[in-house]
Amino acid sequence: MSEKKDELGYTPKTRTVADTEEEAAGLSSEIFDVIDLRGKTSKPGPSVARCSGQDEEKFYKINHAWSLWGVPVKDMKQAMARLKEDLPQKGWKIVKYGPDKSPSKSPELIADSIRKQFSVSIHLYDESDKTGSKAPKSLIYVLMTSACFQVPDGQTVDEY
């Protein structure tokens, strides 16, 4: 087990994929509630991903990506400020808040939940200055990723 700790920098906790997916969905719902906007949202739920360099049968992480659009950009900007204010009260540590490195300097928030072993990256893509039918939509994009976990003895990641 210490070999895994050396590669990852920590020893993965043992958890079922289903429990980790359920926790990801719950954390994502909390984030959605803080955003507090009723626009259109993408539908995919949490998904299982492999932990790089680890035994693919035993080690996994959970990714959960979604986006929200169809509301005024000014409301999205207020939602980003709300996230910065409210997420720490929900156990998240804000590690970055401000413009990203893209040419458009999109607002970005990155936060970690050490206790839950998840990180989230939230971007506001403001496309309101673009025109035409093929112009991209302004949206808030959320990507949550867990730490690596290990399935319980006798189980494999593929069972899920």
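## Reading helices and loops in a predicted model

Q: D36 lies in the loop between α2 and β2 (40–41). What is the phi of D36?

A: This is a predicted model, and every value discussed here is to be read in that light. The phi of D36 is near 55°, a positive value in a residue other than glycine. D36 comes after α2 in the chain, and with a relative accessible area of 46% this residue is partly exposed.

Q: Which phi does Q117 have, given that Q117 is not a glycine?

A: Q117 also has a positive phi, of about 65°, and its place is in the loop between β6 and β7. The relative accessible area of Q117 is 18%, so this residue counts as buried, the limit being under 20%.

Q: Before turning to the helices, what pattern does the protein follow along the sequence?

A: The protein has 3 helices and 9 strands, in the order α-β-α-β-β-β-α-β-β-β-β-β. Its C-alpha atoms fill a box of roughly 55 × 30 × 30 Å along the principal axes, and buried residues make up 38% of its 160 residues. Of the contacts with a separation of 6 or more, 62% link residues 24 or more positions apart.

Q: How is the span of α2 to be checked, and what should its 19 residues span?

A: The check sets the rise of 1.5 Å a residue against the distance between the end C-alpha atoms: the 19 residues of α2 should span 27 Å, and its end C-alpha atoms are indeed 27 Å apart, which agrees.

Q: Which residues of α2 are buried?

A: The general idea is that an α-helix has 3.6 residues a turn, so residues three or four places apart point the same way. In α2, the buried residues are V17, T20, E23, A24, L27, S28, I31, V34 and I35. Around the axis they cover an arc of only 135°, which puts them on the same side of α2. These buried residues pack against β3 (47–50), β4, α3, β7, β8 and β9 (149–150).

Q: E21 is found in helix α2 as well; what is its relative accessible area?

A: E21 has a relative accessible area of 24% and is therefore partly exposed. Not counting residues up to four places away in sequence, E21 touches P46, V48 and I62. D126, which is 105 residues away along the chain, has its C-alpha atom 30 Å from that of E21.

Q: What should the 14 residues of helix α3 span?

A: At 1.5 Å a residue, the expected span of α3 (residues 73–86) is 20 Å, and the end C-alpha atoms are 20 Å apart, which agrees. Its buried residues are V73, D75, M76, A79, M80 and L83. Seen down the axis of α3, they fall within an arc of 150°, so they line one face of the helix. K74 and E85, on the other side of α3, are exposed.

Q: Which elements do the buried residues of α3 pack against?

A: They pack against α2 (17–35), β4 (59–69), β5 (93–99), β6 (107–113), β7 (118–125) and β8 (139–146).

Q: At what angle do α2 and α3 pack?

A: The angle is about 125°, with the two axes 8 Å apart. Since angles over 145 degrees count as roughly antiparallel and those from 65 to 115 as roughly perpendicular, α2 and α3 are therefore oblique to each other. At the contact, I31, V34 and I35 in α2 meet A79, R82, L83 and D86 in α3. By class, this contact has 5 nonpolar, no polar and 2 charged residues.

Q: S138 lies in the loop between β7 and β8; is S138 buried or exposed?

A: S138 is buried, with a relative accessible area of 13%. Leaving aside its neighbours within four places in sequence, S138 is in contact with L68, W69, G70, V73, M76, Y125, D126, E127 and S128. V73 and M76 are among the buried residues of α3.

Q: Finally, which residues does S146 touch, not counting residues up to four places away in sequence?

A: S146 is placed in strand β8 and touches K61, I62, Q117 and F118. With a relative accessible area of 7%, S146 is buried. Its C-alpha atom is 16 Å from that of G53, and the two residues are 93 residues apart in sequence. The contact with Q117 leads back to the loop between β6 and β7, where Q117 has its place.

Technical notes. Residues numbered from 1 in each chain as written. Predicted model: local features only at pLDDT ≥ 70, side-chain atom pairs only at ≥ 80, totals over all residues. Heavy atoms only, no water. Helix = DSSP H or I, 4+ residues; strand = E, 2+ residues; numbered from the N terminus. Expected span 1.5 Å × (residues − 1). Buried < 20%, exposed > 50% of the residue type's maximum accessible area, 1.4 Å probe, protein only. Arc of directions from axis to C-beta. Contact = heavy atoms within 4.5 Å. Axes fitted to C-alpha atoms, helices over the stretch in contact; angles between N-to-C directions. Parallel < 35°, antiparallel > 145°, perpendicular 65-115°, else oblique. Nonpolar A, V, L, I, M, F, W, Y, C, P; charged D, E, K, R; others polar.
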